[in-house]
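Work through the exercises below with the coordinates open. Each task is followed by a stepwise solution.

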Amino acid sequence: MYWVEDFYSRTGQWWGRAEARLTDRDHHRVSLLHDHCGGAPKRVLELGAGYGATAVATAQAGHMVTAIEISDRIDFVDGLARDVSPGALGVIKDDFYTVRLDRPFDVVCYWNGFGVGSDADQRRLLERIATEWLRPGGAALIDVSNPFVWARWNGGEEHLMPAPERGYDHELHERTTFDPVSCVAVDTWWEASSPHQSISQFLRCYTPADLMLLLAGTGLQLTAITVGDRTFTPTPQPGLAELLHEHHEYLAVLRHNG
Ligand SMILES: C[S@@+](CC[C@H](N)C(=O)[O-])C[C@H]1O[C@@H](n2cnc3c(N)ncnc32)[C@H](O)[C@@H]1O
């Protein structure tokens, strides 16, 4: 995943001044954690924490949080974590494929990021969650990119003008494509002043059925999916508009079999 650190560090330089802050999205994620796992204090591991805003909101809600992030985005977290109780948030700038953690967690979260690399890479991560990090009976909450909506965005282009008053200092272009063979969304960005220096993120998308195949043998089981505001069992849902048309990702609730 040669592109990961550079892509998220560079885009973090572009957007961090605007986006490294706590928003309703972070508090909504904490509500989802409470809906699926209960509100009592938990040991929470957050993978791919970005700027750290959700980790801060989770710690502020009374949980003990460990946040892992490989890119420079996490350098913003100190400015967000001032109100967090001492010891409630631990931040590790490292690669979650190699980092060593010495205690089990009640909940592992990966908000908006799963799908980087090959299927074998995702399975390696899921196996680490199941065998090293999650206590038996614990839950993993993982946002999964939805191929039905990403496929419809194929060919989309955006031209974003700077808005310094909102913290956006760069004039940027974005192009989105979708590979229907590998089921990978390719999201490419470049500065208007440097059209030949584009950077891309590659996101493997999974339907719930594909995700269940991916989980086989990992020790994790898909027990629910939340799409928008509604939660479903992973059983046939013919015509389900939320997944077919409306949301580019869904939250997969995975339970540890052990
Ligand atoms: C799409 S961003 C989402 C960030 C954050 N979860 C959020 O929702 O704002 C995915 C994040 O995962 C991080 N990431 C991807 N692969 C990683 C790895 N192997 N180790 C640690 N962090 C990783 C990226 O650097 C990036 O910040």
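**Exercise 1. Split the chain into domains and describe the interface between them.**

Step 1. The domain assignment gives domain 1 as 4-145 + 206-256 and domain 2 as 149-202. The model is predicted.

Step 2. Take the C-alpha centres of domain 1 and domain 2: they lie 23 Å apart. The contact draws 20 residues from domain 1 and 20 residues from domain 2.

Step 3. Compute the area buried between the two domains. The result is about 1,600 Å², with 59% from carbon and sulfur atoms. On the domain 1 side, Phe7, Trp14 and Arg17 lose the most area to domain 2, together 42% of what that side buries.

Step 4. Look for polar links. There is one salt bridge between domain 1 and domain 2. Arg17 and Asp169 form a salt bridge through their side chains, at 2.9 Å, N to O. Six residue pairs are in polar contact across the interface.

Step 5. Assign the domain 1 side to elements. Helix H1 (4-19) and helix H8 (241-246) each supply at least two residues. H1 has the largest share, eleven residues.

**Exercise 2. Find the largest nonpolar core and the elements that build it.**

Step 1. This core has 34 residues. Leu47, Phe114, Ile129, Trp133 and Leu211 touch the most other members.

Step 2. Map the core onto elements. Those that supply at least two residues each include strand S1 (43-47), helix H5 (119-133), strand S5 (134-145) and helix H7 (208-215). H5 gives the most, with five residues.

Step 3. Inspect Phe114. Beyond its neighbours within four places in sequence, its contacts include Leu125, Leu126, Ile142, Val144, Tyr206, Leu211 and Leu214.

Step 4. Check for another core. A second, separate one has 26 residues, among them Leu33, Ala55, Ala67 and Val253.

**Exercise 3. Explain why helix H3 counts as largely enclosed.**

Step 1. Apply the cut-off: buried means under 20% relative accessible area. In H3, Ala53, Thr54, Ala55, Val56, Ala57, Thr58 and Ala59 are buried.

Step 2. H3 covers residues 53-60, and seven of its eight residues are buried, so the rest of the structure largely encloses this helix.

Step 3. Identify the cover. It includes helix H2 (24-37), S1, strand S2 (64-69), helix H4 (77-80) and strand S3 (89-93).

Step 4. Look past the helix. Gly62 follows H3 and has a positive phi, near 105°.

**Exercise 4. Is Asn146 buried or exposed, and what does this residue contact?**

Step 1. Asn146 sits in the loop between S5 and helix H6 (147-152).

Step 2. The relative accessible area of Asn146 is 0%, so this residue is buried.

Step 3. Leaving aside neighbours within four places in sequence, Asn146 contacts Cys205, Leu243, His247, His248, Glu249 and Tyr250.

Notes: Residues numbered from 1 in each chain as written. Predicted model: local features only at pLDDT ≥ 70, side-chain atom pairs only at ≥ 80, totals over all residues. Heavy atoms only, no water. Core = buried A, V, L, I, M, F, W, Y, C linked by side-chain atoms within 4.5 Å. Buried < 20%, exposed > 50% of the residue type's maximum accessible area, 1.4 Å probe, protein only. Helix = DSSP H or I, 4+ residues; strand = E, 2+ residues; numbered from the N terminus. Contact = heavy atoms within 4.5 Å. Domains from an automatic or database assignment. Buried area = accessible area lost by both parts, 1.4 Å probe. Salt bridge = Lys/Arg side-chain N within 4 Å of Asp/Glu carboxyl O. Polar contact = N/O pair within 3.5 Å; in protein donor to acceptor, adjacent residues only side chain to side chain.
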